[in-house]
Amino acid sequence: AGGVLSGVVEPIGAVVTILAAQLVIPALPYLLSFAAGAMIYVVVEELIPEAHLGEHSHVGTIGVMFGFLVMMILDVALG
């Protein structure tokens, strides 16, 4: 009975999500780019432990972010 009752809110949540999605569409590119940037940061900072060996552990992270920025500028500039 508890499992059935916990599933009752799913259709309500689906309707709320569909209605909210219509309001968020103008901001969606910005939200998705923020999420992508956060994921790249997590990958560089947490999943590449070799970059953290030594004293200057954040230099590798900053280097990856700078390289990504350069690639995005070149992508936009060169089409």
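## A first look at this model

Pro 11 is exposed, with 51% relative accessible area, because anything over 50% counts as exposed. That residue belongs to helix H2. Keep in mind that you're looking at a predicted model, with a mean pLDDT of 85 across the protein.

**How confident is the prediction?**
- Residues with a pLDDT of 70 or more make up 97% of the protein.
- Of the protein's elements, helix H2 (residues 9-24) comes out highest, with a mean pLDDT of 90.
- At the other end sits helix H1 (residues 2-6), whose mean of 85 is the lowest among the elements.

**Helix H4 and what follows**
- H4 covers residues 58-78.
- With 21 residues at 1.5 Å each, H4 should span 30 Å, and the C-alpha atoms at its ends are indeed 30 Å apart, so the two figures agree.
- Right after H4 comes Gly 79, which has a positive phi of about 75 degrees.

**A nonpolar patch on the surface**
- Nine side chains might catch your eye here: Phe 66, Phe 68, Leu 69, Val 70, Met 71, Met 72, Ile 73, Leu 74 and Leu 78 make a nonpolar surface patch of about 900 Å².
- One of them, Phe 68, lies in H4.
- Phe 68 has a relative accessibility of 38%, so it's classed as partly exposed.

**From Pro 11 to the patch**
- Leu 69 is another member of that patch.
- Between Pro 11 and Leu 69 there are 41 Å in space, C-alpha to C-alpha, and the two are 58 residues apart in sequence.

Key: Residues numbered from 1 in each chain as written. Predicted model: local features only at pLDDT ≥ 70, side-chain atom pairs only at ≥ 80, totals over all residues. Heavy atoms only, no water. Patch = residues over 30% accessible without salt bridge, like charges linked within 9 Å, V, L, I, M, F, W, Y side chains within 5 Å. Areas by Shrake-Rupley, 256 points an atom, 1.4 Å probe, with all protein chains shown as cover. Salt bridge = Lys/Arg side-chain N within 4 Å of Asp/Glu carboxyl O. Helix = DSSP H or I, 4+ residues; strand = E, 2+ residues; numbered from the N terminus. Buried < 20%, exposed > 50% of the residue type's maximum accessible area, 1.4 Å probe, protein only. pLDDT = per-residue confidence, 0-100. Expected span 1.5 Å × (residues − 1).
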